[in-house]
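Student: I have a fold open on my screen and plenty of labels I don't quite trust. Can we go through what each one rests on?

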Amino acid sequence: MSTRLRDKIIARIRERGPLPFDEFMETALYDSDDGFFAGASPARPEGHFVTSPHLSPVFEGLLAAQARDAWHTMERPDPFVVVDLGAGEGALARGIATAATSDEAFARALRVVAVERGEIAAKHLASSGLTVATSLADLEPLTGVVFANELFDNVPFSLFAGDEEIMVTEEGDRLIWQSREWRSLRPVSKRSGEIVDQVGRTLARGYVLIFDYGFSGNEEPETVRGYRGHRLVEELLDDPGSSDITGPVDFDALAARARSNGLQVWGPVSQRDALMALGYRATLDRMRADQQQREQGGAWRGAIEVYAERGQAAMLVDPAGLGALKVLALGTKGLPAPRALS
Ligand SMILES: C[S@@+](CC[C@H](N)C(=O)[O-])C[C@H]1O[C@@H](n2cnc3c(N)ncnc32)[C@H](O)[C@@H]1O
């Protein structure tokens, strides 16, 4: 294990005093040499976490259906831009472009852009043929849909216990919490608000759909978590840069910020409900019919593959898993609710 990042953070604390958690998180995840996302592609299934677009192409198919539906609602603008914000490996961006080819007119108008701040990941995306930007601020005002899947839980946040901000400090050669109680704290993300402001500036006309873990209304936020190799990391501060750090997204804060940017807000609803509204059941019925046809034709290997794909797809709507993610939709003035939230 490299202690370079930890040593760098300790040196900064010795020089300037304890760090707010958002600054620790910014360095641990995005330091350009040793941050967790400085590495090439952490969002692989064999990597540290699995997200919906990596789990099943049914997710991309349903989001492509949402984009096409929005295109019709908006009277078929050309170009129509779909942004995958925080694209990671770009499974969603690529999947939407592929799924869109079933409708020639839509595919002609469609421009898919992957926005990814990790430089190495962005280079990978570009080399796979996608149009890529490292910041939303680099895009011209656009008409279309912005999808942000599991972006905001990785955007740095501060932690508060009541009015007290919880800081990270050092002891010997270790990083420690300045307060004993750091688990049941309220995350406050200034940077998430800034991303919503940027979305407000970039989206001339259209929708934003945000898929993430988080809380709204009277729900209690879950704790800050670290993940390494699919395992929960107990000691979040021990080895910065080696694990993902995620926190529950404050959906009410995102909604309020969107409203202050003049955007309409719908939801949040669960990912399960959103995918159901986009035609999840009909997609699964088609897959089952395909499987049966293969069985009847004696194509057993193919039939087993489709059976396995149906199982993967079911995880997208599992109320105890990804189906419990929240989906918040934003839209420019005058548009009706997007199909996923109608
Ligand atoms: C958990 S990954 C999700 C990747 C992908 N959306 C998926 O569902 O598999 C979050 C990604 O967002 C990127 N990211 C974080 N902040 C960003 C920002 N402000 N703009 C663009 N990308 C960002 C990170 O570098 C990381 O690749």
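Student: What makes the radius of gyration of this protein agree with that of a compact globule?

Tutor: This is a predicted model, so keep that in mind throughout. The rule is 2.2 Å times the number of residues to the power 0.38. With 342 residues that gives a value near 20 Å, and the protein has 21 Å, so the two agree. Along the principal axes, the C-alpha atoms fill a box of roughly 65 × 50 × 40 Å.

Student: What share of the residues is buried?

Tutor: That's 43% of the 342 residues. To count as buried, a residue needs 20 or more other C-beta atoms within 10 Å of its own.

Student: Which residues of helix H9 are buried?

Tutor: In H9, residues 251-260, they are Phe 251, Leu 254, Ala 255, Arg 257 and Ala 258.

Student: Why are they said to be on the same side of H9?

Tutor: They cover an arc of only 165 degrees around the axis, so they sit on the same side of H9. It fits the general picture: an α-helix has 3.6 residues a turn, so residues three or four places apart point the same way.

Student: What covers those buried residues of H9?

Tutor: The cover includes helix H8 (190-202) along with strands S11, S12, S16, S17 and S18. Just after H9, Gly 262 takes a positive phi of about 80 degrees.

Student: How is the protein divided into domains?

Tutor: Domain 1 is 4-276 + 326-331, and domain 2 is 277-325. Their C-alpha centres lie 28 Å apart.

Student: How many residues make the contact between the two domains, and what makes it a contact?

Tutor: Domain 1 gives 21 residues and domain 2 gives 17. Two residues are in contact if their C-beta atoms lie within 7 Å. On the domain 1 side, the elements giving two or more residues are helices H3 (52-55), H4 (57-73) and H10 (271-277), plus strands S11 (203-212) and S18 (326-331). That side divides into 11 nonpolar, six polar and four charged residues.

Student: Which residues come nearest to the ligand?

Tutor: Of the 22 residues around the ligand, those are Thr 51, Gly 86, Gly 88, Gly 118 and Asn 149. A residue belongs there if its C-beta atom lies within 6 Å. H3 and helix H5 (91-100) each supply at least two residues of that shell.

Student: How do the residues of the shell divide by type?

Tutor: They come out as 12 nonpolar, seven polar and three charged. Gly counts as polar here, so Gly 86, Gly 88 and Gly 118 go in that group.

Key: Residues are numbered from 1 along each chain as its sequence is written. This is a predicted model: local features need pLDDT of at least 70, side-chain atom pairs count only at pLDDT 80 or more; totals for chains, interfaces and linings use all residues. Domain bounds come from an automatic or database domain assignment. Helices (H or I, at least four residues) and strands (E, at least two) are DSSP runs, numbered from the N terminus. A residue is buried if 20 or more other C-beta atoms lie within 10 Å of its own, exposed if 12 or fewer, and partly exposed in between; C-beta atoms are placed from the backbone. The arc is that of the directions from the helix axis to the C-beta atoms.
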